[in-house]
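Welcome! Please take a moment to look over the sequence and the 3D structure below before reading on.

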Amino acid sequence: MGIKQFFGFLLLSSISMFAQADYNKLDEKGNKNGLWKGFYEDTKNPKYEGTFNHGKEVGTFTFFDNTKTKRVIATREFNTNDNSAYTIFYDQLKNIVSEGKVVNKLYEGQWKYYHKASKVVMTIENYNKGNLEGLRSVFYPNGKIAEEINYKNNLKNDSYKRYTESGIIIEESNYKNDQFDGFATFRDPDDGNIVSKGKFANGKKTGIWQFFNNGKLVKEMNMSFPQSKLKTKSN
């Protein structure tokens, strides 16, 4: 090795050591402190970077995909007051896919999901300690409501409504522990006329169900005894 190569090697080594000294430090108690950078084990590509304050994440952390381009796939902004992190996920074109709050690594409060490559909200969900809780709403790409359903402890409970893009309610039903339960009405998506209505119990149709054609009752059936003969209504 010549003298120039030797000093070049020393310079590069010094720069590398200096760069390493700027991040991934531990405090006197062995906790992460200051700027930290993580790397994928297989490729050594950058995985994340963010700041610790004596073992606690603070400020914004940025996460990258496993490529050399450091494409951002998520950010998390930490709030030390409530131990939460407002999280945003991105697609390959930097469009927001979803966003909301995480507490102790569990979804909490309201989360929004967006239509593909769009700023229009597709779904709004509410969480309690990682479980769906409360109203879940789904929207069409034009922003109009498509579905509304309530959840309790991650299961569908209470009322459910489904709409056409023109605003016609084509289904009104009820759920109990993720199953149909209670009265339900189904409508024609073109004119809004009732197609059928009746009652569910434990996910199955029960009792008298009525069926309609162009808004007129045409037959009834006792779904508790499905082998019984249909009662046809005359015009």
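This report walks through a pocket, a cavity, some salt bridges and one threonine in the structure, which is a predicted model.

## The largest pocket

Let us begin with open space. The largest pocket holds about 320 Å³. Its lining is made up of 14 residues, and the ones closest to the pocket centre are Glu 57, Arg 76, Phe 78, Ala 85 and Lys 105. If you would like to find the walls by strand, look for β3 (46-53), β4 (56-64), β5 (72-79), β6 (84-90) and β7 (96-103), the elements that each give two or more residues to this lining.

Which element gives the largest share of the lining of the largest pocket? That is β4, with three residues. Sorted by class, the lining of this pocket has eight nonpolar residues, three polar ones and three charged ones.

## The largest cavity

Next comes enclosed space. The count of cavities of 30 Å³ or more comes to one, and the largest cavity contains about 40 Å³ of space. You can trace its lining through Lys 56, Glu 57, Phe 78, Asn 79, Thr 80, Asn 83 and Ser 84.

Two of these names may look familiar: Glu 57 and Phe 78 line the cavity, and both are also among the residues closest to the centre of the largest pocket. At least two residues of the cavity lining come from β4, and at least two from β5. By class, the cavity lining divides into one nonpolar residue, four polar residues and two charged residues.

## Salt bridges

Side chains that carry opposite charges can pair when their charged atoms come close. How many salt bridges does the structure hold? There are six, and three of them are described here.

One salt bridge joins Glu 49 and Lys 70, with 3.7 Å between the closest N and O atoms. Glu 49 belongs to strand β3 and Lys 70 to the loop between β4 and β5, so this pair ties together parts that lie 21 residues apart in sequence. Glu 49 is partly exposed, at 26% relative accessible area, and Lys 70 is partly exposed too, at 36%.

Another salt bridge links Asp 65 to Arg 71, where the closest N and O atoms are 3.0 Å apart. Asp 65 counts as buried, because its relative accessibility is 12% and the cut-off for buried is under 20%. A further bridge brings together the side chains of Arg 162 and Glu 171, at 3.5 Å from N to O. Is each partner buried or partly exposed? Arg 162 is partly exposed, with a relative accessible area of 32%, whereas Glu 171 is buried, at 5%.

## A look at Thr 164

To finish, find Thr 164 in the loop between β13 (155-163) and β14 (169-176). Thr 164 is buried, with a relative accessible area of 11%. What does Thr 164 touch, leaving aside residues up to four places away in sequence? Its contacts are Tyr 140, Ile 145, Ile 170 and Pro 189.

Within its own stretch of chain, the side chain of Thr 164 makes a polar contact of 2.9 Å with the side chain of Ser 166. Thr 164 can also be compared with Asp 190, which lies 26 residues away along the chain: the C-alpha atoms of these two residues are separated by 8.8 Å.

Notes. Residues are numbered from 1 along each chain as its sequence is written. This is a predicted model: local features need pLDDT of at least 70, side-chain atom pairs count only at pLDDT 80 or more; totals for chains, interfaces and linings use all residues. Side-chain values use heavy atoms; hydrogens and water are left out. On a 1 Å grid over the protein atoms alone, a cavity is a set of points where a 1.4 Å probe fits but cannot get out, and a pocket is an open set with protein on both sides within 12 Å along at least five of seven lines; lining residues have an atom within 4 Å of a point. Grid points are joined across faces, edges and corners, and a volume is the space filled by probe spheres set on the points. Helices (H or I, at least four residues) and strands (E, at least two) are DSSP runs, numbered from the N terminus. Ala, Val, Leu, Ile, Met, Phe, Trp, Tyr, Cys and Pro count as nonpolar, Asp, Glu, Lys and Arg as charged, and the others, Gly among them, as polar. A salt bridge is a side-chain nitrogen of Lys or Arg within 4 Å of a carboxyl oxygen of Asp or Glu. Buried means under 20% relative accessible area, exposed over 50%, partly exposed in between (1.4 Å probe, protein chains only). Contact means heavy atoms within 4.5 Å. A polar contact is a pair of N or O atoms within 3.5 Å; within protein, one must be able to donate a hydrogen and the other to accept it, and residues adjacent in sequence count only if both atoms are side-chain atoms.
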